[in-house]
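Reader: I would like to go through the helix packing and the sheet, with the reason behind each label. Please show me the structure before we begin.

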Amino acid sequence: MATFDDFHGTYFTIQSLRLHHPEIMDKVEILVIDNNPDGKHGSDVRGIINHINSTRPNFQARYIPHKESVGTSASRERIFTEARGKFVLCTDCHVIFPGGALAKLVEYLEANPDESAIMHGPLLYDDLRGVATHFNEQWRSEMWGTWGAAWADKTGAHFTVIDNGGKCKYVNLIDGKTEVAPLFVKSGLDWAGHERILMGSGCRNLGKDPSEPPFDIPGQGLGVFVCAKEHWSHFNPDCRGFGGEEIYIHKKHRAAGKRVLLLPFLRWLHRFGRPDGVKYPLTLWNKVRNYVLEFQEMGWDLQEVYNHFVIEQKRLTQDEWNLLISNAKTTLTQPSAAHWREMYSSPEKIVEKVKTEKPLASIHMDLLKKYSEQVDDVLDIGVNVYTTIATFVGTKKSVVSYTGVPDDPTLHKLMQLPDNKQISVNQLETLDYSKLQPADLISIDYTPEGQVLTQVFNNIINFNLAKRFIVIHNTKAFGEFSPSKGYGLMVAIRFFLKQHPEYTVIEHIHDGAGITVLSKDERDKTALPKFTEMVGNLFGAVKSYVAEGAGMVSKEVFEARLATCAICPHRNNNRCGLCGCFLESKGRLAGNAGVCPIGKWAEVERSLE
Ligand code: SF4
């Protein structure tokens with residue numbers, strides 16, 4: 001068991017084990033992990049273990065101080081690390097088992113030595129009669145999981161009942177979501193008193209009779225559970241503080257192909273009352289952080305965690321949520337109000353805040369800011385707020401933004417800072433190209449579809465909107481193919497550049513989802529060589545052509561060469577900025593007459609072989 005400043009609970013749990021279960025004591029060891037050994041109760045807990053060991057030399061009890069990490073995951077995980085037995089029963093330090101329950105457990109495990117399930121027993125209510133068998137997969141009161149009772153209908157089919165706004169909802173016992181229709185049970189029963197009506201309809205409360213066979217449950221409170229050491233699924237090592245492991249550990253165990261069982265004979269009584277208050281650090285931040293870490297570990301959608309804590313309970317702000325999901329491992333404590341005031345104190349701080357929340361956007365924000373700093377006005381078309389923020393911080397004068405997140409609070413905090421820049425934020429859906437003014441920089445971050453990008457390019461050209469830079473996002477993630485299996489963004493860019501050679505790819509970043517910058521401004525392109533140098537290059541090419549008589553390359557090679565030049569940062573309109581040659585002419589020549597100065601054509605030709 002793990003304990004934290006709970007000598008009273010620990011004492012009675014251990015003594016009850018010894019007093020009421022003497023028949024198994026020579027087959028087990030008792031292990032106490034003290035998560036607060038220097039606390040007020042630490043020496044007494046250590047003392048009782050020492051006393052028992054000194055008076056009963058053959059009895060195996062161990063006291064292990066655990067100060068390294070405080071929390072239910074860490075201390076329970078230490079139990080599995082330290083335990084010497086094949087099976088581990090992990091119990092809270094304020095639990096009592098009815099006489100005979102543990103002997104039955106030992107008997108069951110001896111008969112099933114290969115059991116790989118996480119095993120639970122029914123939780124006895126304080127009236128010592130009623131039981132709860134499992135956790136339903138529901139969010140309530142800052143917890144994932146609500147106590148429930150398992151039922152079988154007249155055919156023996158298992159189900160559970162969920163309180164759906166005062167009415168009963170019957171769902172599959174294991175997934176907790178799929179609605180079922182138990183035989184002979186009326187739909188839409190009132191929640192209050194439904195148990196009596198279900199029993200009157202021939203249904204049976206599962207797990208109430210200790211002699212019943214084990215059955216599968218979705219999960220349960222971790223006050224008591226048993227698992228073979230070798231089959232244990234392990235808690236997330238970064239979790240801290242108390243709470244958040246239920247359902248997660250059960251789903252993780254099942255995802256590994258193992259079961260979660262209820263053993264009806266393993267009844268347990270749990271002390272919930274805490275008249276002296278909770279001694280351990282129980283914080284909301286720890287709980288949400290643990291859920292975030294666990295969901296991210298398992299690759300589950302975080303939406304339900306967000307809905308519960310941010311939308312329904314309103315216990316976390318959007319900023320706090322953003323910080324948690326981007327940096328859960330390192331953000332151990334809830335930031336103070338002063339922290340957020342500091343974060344919103346300057347445009348640079350706001351950029352840093354967004355980069356912390358969206359590490360993948362960090363390089364893209366730096367790049368956008370770098371180009372925006374060179375211009376007066378920006379047109380920002382996108383679904384993400386970080387493009388608007390980066391360009392607004394960078395630009396000298398103004399940003400017109402058509403964005404999918406016009407109400408983003410961080411953007412509005414930025415807009416409230418004293419500044420002489422102009423910003424107009426509009427809903428993306430209201431975008432009408434015919435009403436836009438030309439801009440020095442256009443940022444496009446709203447489509448993975450090459451076909452849509454082609455339409456955007458057409459609008460930019462038709463309405464003469466681009467004065468210098470065009471920045472296109474996601475060109476790596478959706479470069480050649482779009483999610484709808486159409487052509488990708490790089491295909492659209494190559495197509496555009498073929499029609500508009502006055503634009504050059506001046507930067508192409510492969511990090512994250514990729515980003516590509518085009519410019520038609522001569523200042524941004526590789527300058528052509530001096531006239532005399534160009535004449536020399538041309539003469540050399542002609543000389544090689546005549547001397548070698550190598551002729552022309554195939555149409556396929558020619559087109560591949562031009563496609564390479566199209567997105568090469570050294571292209572200057574129709575010419576190569578490095579040698580000054582006209583690409584349409586030089587690109588046709590074979591042998592040493594037709595060579596890219598930096599070997600790019602040779603590379604592409606090798607890939608065609
Ligand atoms: S010839 Fe080579 S360096 Fe010149 S534009 Fe083409 S790919 Fe670039």
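Reader: What makes H11 roughly antiparallel to H13?
Author: In this predicted model, the axes of helix H11 (residues 347–357) and helix H13 (residues 385–394) cross at roughly 155° and come within 10 Å. Angles over 145 degrees count as roughly antiparallel, so H11 is roughly antiparallel to H13. The crossing of the two is left-handed.

Reader: Which residues make the contact of H11 with H13?
Author: H11 contributes Pro347, Glu348, Ile350, Val351 and Val354, while H13 contributes Tyr386, Ile389 and Val393.

Reader: How many nonpolar, polar and charged residues does the contact of H11 with H13 have?
Author: There are 7 nonpolar residues, no polar ones and 1 charged. Glu counts as charged, and Glu348 of H11 is part of the contact.

Reader: Why are H7 and H9 called oblique to each other?
Author: Helix H7 (residues 284–298) and helix H9 (residues 318–327) pack at an angle of about 45°, and their axes are 9 Å apart. Roughly parallel requires an angle under 35 degrees, and roughly perpendicular runs from 65 to 115. The angle of about 45° fits neither range, and H7 and H9 are therefore oblique. Their crossing is right-handed.

Reader: Which residues of H7 and H9 make the contact, and of which class are they?
Author: Trp285, Val288, Arg289, Val292 and Gln296 come from H7, and Glu320, Trp321, Leu324 and Ile325 from H9. By class, the contact has 6 nonpolar, 1 polar and 2 charged residues. Arg and Glu count as charged; Arg289 and Glu320 are both in the contact.

Reader: Why do E21 and E24 stand at the edges of the sheet?
Author: The sheet is open, has 7 strands with mixed pairing, and follows the order E21-E20-E19-E22-E23-E25-E24. Strand E21 (422–427) and strand E24 (504–509) each have a single partner strand, so one side of each has no neighbour in the sheet. From one strand to the next, the twist averages 15°.

Reader: How do you know that E23 and E25 pair?
Author: Pairing needs at least two bridges between the strands. Strand E23 (residues 466–473) and strand E25 (residues 515–519) are joined by 5 bridges and run antiparallel. Phe469 stands opposite Ser519 in E25.

Reader: Which strands does helix H16 touch as it packs on the sheet?
Author: Helix H16 (residues 489–499) touches E23, E24 and E25, and its direction makes about 10° with that of E25.

Note on methods. Residues are numbered from 1 along each chain as its sequence is written. This is a predicted model: local features need pLDDT of at least 70, side-chain atom pairs count only at pLDDT 80 or more; totals for chains, interfaces and linings use all residues. Side-chain values use heavy atoms; hydrogens and water are left out. Axes are lines fitted to C-alpha atoms, for helices over the stretch in contact, and angles run from 0 to 180 degrees between N-to-C directions. Helices (H or I, at least four residues) and strands (E, at least two) are DSSP runs, numbered from the N terminus. A crossing is left-handed if the near helix is turned anticlockwise from the far one by less than a right angle, and right-handed if clockwise. Contact means heavy atoms within 4.5 Å.
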